[in-house]
Each structure stands twice: as structure tokens, then as C-alpha cells.
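Trainee: I should like to learn how to read the features of a protein model in order. Would you guide me through one?

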Amino acid sequence: MATTSEDVWQILAELATAQAELTAAQKETDRQLKETDRQQKETERRQQETDRQLKELGRQIGGLGAKFGSFTEGLALPSMETILRQRFGMEVISPSVRVSKNGQHLEIDVLAYTNGELNTAYIVEVKSHAREESITQLKSILQRFRSFFPEHKDKKLYGILASVDLSNELREKILQEGFYVARIHDQVFELDIPDNFQPRPY
């Protein structure tokens with residue numbers, strides 16, 4: 001069958017239409033790629049902003065935790081001072097004791113002691129929320145105490161864990177370790193120990 005000039009023009013018209021459609025499709029693909037790229041950049045920018053906000057929030061929470069810790073220690077001090085003086089006969093009560101010796105460091109929330117006949121020292125660890133590791137921490141301070149304070153090496157040494165929030169289960173564990181427990185009641189710390197409690201000297 002012979003191809004007429006009309007057929008040729010028809011084929012050329014179809015080719016031109018297909019070419020135009022292909023060009024339009026390529027332009028749309030380019031546009032979509034550019035849009036995807038723009039969206040990706042926007043996503044990355046948002047991610048960076050989110051990361052920055054999370055870091056800032058972490059910093060603020062850390063600061064708040066430190067402030068709350070200081071607040072708890074400040075809250076504990078007056079009532080713990082009363083307990084240490086009136087109940088245990090302590091003469092010297094020092095809050096927030098920081099010691100450094102031979103590259104080692106020791107931090108004590110409250111250190112109380114008396115010389116003379118009693119010759120005793122108490123270390124108070126104050127926590128907003130007491131946990132299992134609070135017991136380990138207090139034990140470690142008591143065990144290291146005499147190497148930092150050789151002047152108190154002959155004293156009987158006792159531990160008190162004072163906490164705003166404390167489960168009954170953890171209270172039992174603290175008492176089993178021979179530590180006194182102090183809990184907050186009407187914004188005042190009070191000893192929470194059974195009548196037959198025997199503290200363990202360190």
C-alpha cells in the first residue's frame with residue numbers, strides 16, 4: 001500500500017504531538033524533582049530545628065533537675081539539722097561538703113559530727129526520688145569517708161537517706177542496710193524507722 005503525502009503529514013503531526021507530550025512530561029518530572037529536592041531541604045531544615053530545640057530542652061531539663069536537687073537539699077536542711085542536733089546530739093552540721101584529694105572527689109549533702117564522748121558522725125544523702133542506686137551511692141560515700149577525713153577516723157559513722165519520694169519496698173531495703181530513713185511530711189523531713197531499728201556503724 002503506497003504511502004501518500006497525507007500519511008506522511010499525519011505521521012509527522014503524531015510525532016510532533018508525541019514530542020510535545022514527552023517534553024511536557026520531562027518538564028513535569030523536572031518540576032517534581034525540584035519540588036522533591038525543595039521538600040527534602042525543608043525536611044532537613046526542620047529536622048535541624050527539631051534537633052536544636054531538643055538540645056535546648058535537654059539543657060533546660062538538666063538545669064531544672066539541678067535546681068530541683070538544690071531545692072530538695074534546701075528543704076531538707078532545716079528539719080535534718082533539728083534531727084541531727086536534738087535526736088543525735090551533733091554539734092557541727094555542714095551542708096554541701098565538697099572534698100578533693102589526690103585527684104579523687106567526694107560530695108556530701110550534709111555532714112554532721114560531734115567530738116567528745118559521743119565521737120560520732122552522720123552523713124545525710126538527700127534525694128528528691130530515691131532509687132536502688134541511692135543506697136549504693138550512700139554506701140560508697142561512707143566507705144570512702146575516712147580516706148578523705150582522716151581526722152574523723154576514730155568516729156562511729158552512720159548514714160541517713162532523706163527522700164521526698166520513696167517506695168515502701170525501697171524503705172525496707174534501706175533499713176536492711178542499716179541506714180536511717182527520713183521522709184518528708186508536711187514539708188518537714190522526719191525519721192521513718194521502726195522502734196527496734198538498729199543502725200549499722202561504718
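Mentor: What follows is a discussion of this model, from its overall layout to individual side chains. Please bear in mind that the model is predicted.

Trainee: Let us begin with the layout. How many helices and strands does the chain have, and in what order do the elements run?

Mentor: The chain contains three helices and six strands. Starting at the N terminus, their order is α-β-β-β-α-β-α-β-β.

Trainee: What share of the residues is buried?

Mentor: A residue is called buried when its relative accessible area is under 20%. Of the 202 residues in the chain, 30% are buried. The surface can be described as well: the chain exposes about 13500 Å², and carbon and sulfur atoms supply 51% of that area.

Trainee: What part of the contacts joins residues 24 or more positions apart?

Mentor: Among contacts with a separation of 6 or more, residues 24 or more positions apart account for 52%.

Trainee: I should now like to read a single helix. Which residues of helix 3 are buried?

Mentor: Helix 3 covers residues 168-176, and its buried residues are L170, R171, I174 and L175. Viewed down the helix axis, these buried residues fall within an arc of 140°, so they line one face of helix 3. On the other side of the helix, E169 and Q176 are exposed.

Trainee: Against which elements does the buried face of helix 3 pack?

Mentor: The buried residues of helix 3 pack against helix 2 (132-148), strand 4 (156-165) and strand 5 (180-185). After helix 3 comes G178, which has a positive phi, near 90°.

Trainee: Let us turn to aromatic rings. How many aromatic pairs does a search of the whole structure find?

Mentor: The search finds seven aromatic pairs. One of them joins Y180 and F197 in an edge-to-face arrangement, with 5.1 Å from centre to centre and 65° between the planes. For the angle, the cut-off to remember is that planes over 60 degrees apart count as edge-to-face.

Trainee: Where in the chain do Y180 and F197 lie, and are they buried or exposed?

Mentor: Y180 belongs to strand 5, whereas F197 lies in the segment after strand 6 (188-191). The two residues are 17 residues apart, and their pair links distant parts of the chain. Both Y180 and F197 are buried. They also belong to one aromatic cluster, together with F88, Y122 and Y158.

Trainee: May we examine one polar residue in the same manner? Is T120 buried or exposed?

Mentor: T120 has 5% relative accessibility and therefore counts as buried. This residue is found in strand 3 (residues 120-129). Its side chain reaches the backbone oxygen of L118 at 2.7 Å.

Trainee: With which residues is T120 in contact, leaving aside its neighbours within four places in sequence?

Mentor: T120 is in contact with M90, A112, Y113, T114, K155, K156 and Y158. One of these, Y158, is a member of the aromatic cluster described above.

Trainee: My last topic is charge. What is the general idea behind a salt bridge, and what does the count of salt bridges come to?

Mentor: Side chains of opposite charge can pair when their charged atoms come close. In this structure the count comes to 15 salt bridges.

Trainee: Which salt bridges would serve as examples within helix 1 (residues 5-87)?

Mentor: The side chains of R31 and E28 meet in a salt bridge at 2.8 Å, N to O. R31 and E28 are three residues apart in helix 1, so about one helical turn separates them. R31 is partly exposed at 46% relative accessibility, and E28 is partly exposed at 32%.

R38 and E35 also form a salt bridge, at 2.8 Å, N to O. Being three residues apart in helix 1, R38 and E35 are likewise separated by about one helical turn. R38 has 47% relative accessibility and counts as partly exposed; E35, at 29%, is partly exposed.

A further salt bridge joins R85 and E81, at 3.3 Å, N to O. R85 and E81 are four residues apart in helix 1, so about one helical turn separates them.

Trainee: Which residues do salt bridges with shared partners join into one network?

Mentor: That network consists of R171, E172, R183 and D192. R171 has appeared before, as one of the buried residues of helix 3.

Key:
Residues are numbered from 1 along each chain as its sequence is written. This is a predicted model: local features need pLDDT of at least 70, side-chain atom pairs count only at pLDDT 80 or more; totals for chains, interfaces and linings use all residues. Side-chain values use heavy atoms; hydrogens and water are left out. Buried means under 20% relative accessible area, exposed over 50%, partly exposed in between (1.4 Å probe, protein chains only). The arc is that of the directions from the helix axis to the C-beta atoms. Contact means heavy atoms within 4.5 Å. Accessible areas come from the Shrake-Rupley method with a 1.4 Å probe; for residues, only the protein chains shown count as cover. Rings of Phe, Tyr and Trp (its six-membered ring) pair if their centres lie within 6.5 Å; planes under 30 degrees apart count as stacked, over 60 as edge-to-face and the rest as tilted. A polar contact is a pair of N or O atoms within 3.5 Å; within protein, one must be able to donate a hydrogen and the other to accept it, and residues adjacent in sequence count only if both atoms are side-chain atoms. A salt bridge is a side-chain nitrogen of Lys or Arg within 4 Å of a carboxyl oxygen of Asp or Glu.
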